[in-house]
Amino acid sequence: MNSQSKSVSKSVMLAGLTSLALNAPGVFAAANPCNPCSAKPQASKAAANPCAAKNPCAAKNPCAAGAKVDPKLVTRPKGYKPFKADRATLVKEGEGLWKDVKLSTNGASCNTCHTGNAMFAPSFAKPYPHPVAMAKEKGGVKQVHLDEMVQFCMVVPMAAVPLPWDSRQLAALTAYTGEVQKKFKPNPCAAKNPCAAKNPYAAKNPCAAKNPCAVKK
């Protein structure tokens with residue numbers, strides 16, 4: 001190797017060492033278009049793998065978040081007499097209330113959690129009263145009527161106070177929810193894959209495995 005070649009080689013080596021010393025991409029760190037991490041050779045291992053992030057499906061569901069509830073607030077009071085009106089009228093009014101974020105204190109509505117029948121357990125199709133996980137977990141109530149479940153939703157995911165038991169609003173929401181229930185068909189895969197139901201709050205998980213329940217048989 002002649003003196004000129006040696007001088008060039010030495011300069012390249014020094015440039016690479018200087019680059020590494022400064023924690024910057026060196027002349028040896030050629031970017032690999034197939035590896036997004038290659039562009040940042042000094043990146044920490046913890047941040048390199050997006051699949052290492054916590055699965056959003058495993059996180060607590062904000063639609064069921066909230067403190068424990070006094071069951072007296074969300075169960076029918078003694079001598080309860082619901083508001084009476086034409087059912088078709090109540091259903092129509094209830095449809096509007098279903099999307100009304102003004103009923104909550106956090107900008108949520110019934111539709112926030114239940115768009116496209118999301119977040120309904122298969123048991124939603126069963127006649128009321130029946131067991132509901134939220135009612136049992138938050139209030140220790142083993143079985144609820146539909147209007148009581150509306151009240152649970154007002155207090156827990158919507159962070160509001162219960163509607164007056166004799167109010168037109170409660171009667172309308174109950175009537176409309178009853179219509180939603182009639183059209184609801186349980187997803188047979190939902191019990192196998194709790195993440196299959198669309199969570200309006202959950203970020204898309206790029207590492208989610210293909211759902212075997214979605215495979216056409």
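In what order do the elements of the protein run from the N terminus on? They run α-α-α-α-α-α-α-α. Keep in mind that this is a predicted model.

**Whole chain**

Start with everything selected and colour by secondary structure. The protein has eight helices and zero strands. Now switch on the surface. The accessible surface comes to about 14,400 Å². Carbon and sulfur atoms account for 60% of that surface. Of the 217 residues, 30% count as buried. A contact map adds one more figure. Take the contacts between residues at least 6 apart in sequence: 63% of them join residues at least 24 apart.

**Helix 4 against helix 8**

Select residues 87–98, which are helix 4, and residues 168–183, which are helix 8. How far apart are the axes of the two helices, and at what angle do they pack? The axes are 7 Å apart and the angle is about 90°. Helix 4 is therefore roughly perpendicular to helix 8.

Show side chains at the contact. Helix 4 contributes Arg87, Thr89, Leu90, Val91, Glu93, Gly94, Glu95, Leu97 and Trp98. From helix 8 come Arg168, Gln169, Ala171, Ala172, Leu173, Ala175, Tyr176, Thr177, Gly178, Glu179, Val180 and Lys182. Colour these residues by class. You get 10 nonpolar, five polar and six charged.

**Glutamate 95**

Stay in helix 4 and pick glutamate 95. Is this residue buried, exposed or partly exposed? Its relative accessibility is 41%, so glutamate 95 counts as partly exposed. Next, draw a distance from its C-alpha atom to that of valine 180. The separation is 9.6 Å, although the two residues are 85 apart along the chain. Both glutamate 95 and valine 180 belong to the contact of helix 4 with helix 8.

**Helix 7 against helix 8**

Keep helix 8 on screen and add residues 146–155, which form helix 7. Helix 7 and helix 8 pack at about 110°, with their axes 9 Å apart. Helix 7 is therefore also a helix that lies roughly perpendicular to helix 8.

Select the residues that meet here. On the helix 7 side they are Leu146, Asp147, Val150 and Gln151. On the helix 8 side they are Leu170, Leu173, Thr174, Thr177 and Gly178. By class, the contact has four nonpolar, four polar and one charged residues. Leu173, Thr177 and Gly178 of helix 8 also appear in the contact with helix 4.

**Aspartate 147**

Zoom in on aspartate 147, in helix 7. Is this aspartate buried or exposed? At 5% relative accessibility, aspartate 147 counts as buried. Show its surroundings. Leaving out residues up to four places away in sequence, aspartate 147 touches Arg76, Tyr80, Trp165, Leu170 and Thr174. Leu170 and Thr174 are helix 8 residues in the contact with helix 7.

**The cysteines**

Finish with cysteine 110 and cysteine 153. How many disulfides does the structure hold? It holds zero. Why is cysteine 110 not bonded to cysteine 153? A disulfide needs the two sulfur atoms within 2.5 Å. The sulfur of cysteine 110 is 6.5 Å from that of cysteine 153, its closest cysteine sulfur, so the gap is too far for a bond. Seen from cysteine 153, the nearest cysteine sulfur is that of cysteine 110.

Now check the accessibility of each. Cysteine 110 has a relative accessible area of 11% and is buried. Cysteine 153, at 19%, is buried too. The cut-off for buried is under 20%.

Definitions and conventions: Residues numbered from 1 in each chain as written. Predicted model: local features only at pLDDT ≥ 70, side-chain atom pairs only at ≥ 80, totals over all residues. Heavy atoms only, no water. Buried < 20%, exposed > 50% of the residue type's maximum accessible area, 1.4 Å probe, protein only. Axes fitted to C-alpha atoms, helices over the stretch in contact; angles between N-to-C directions. Helix = DSSP H or I, 4+ residues; strand = E, 2+ residues; numbered from the N terminus. Parallel < 35°, antiparallel > 145°, perpendicular 65-115°, else oblique. Contact = heavy atoms within 4.5 Å. Nonpolar A, V, L, I, M, F, W, Y, C, P; charged D, E, K, R; others polar. Areas by Shrake-Rupley, 256 points an atom, 1.4 Å probe, with all protein chains shown as cover.
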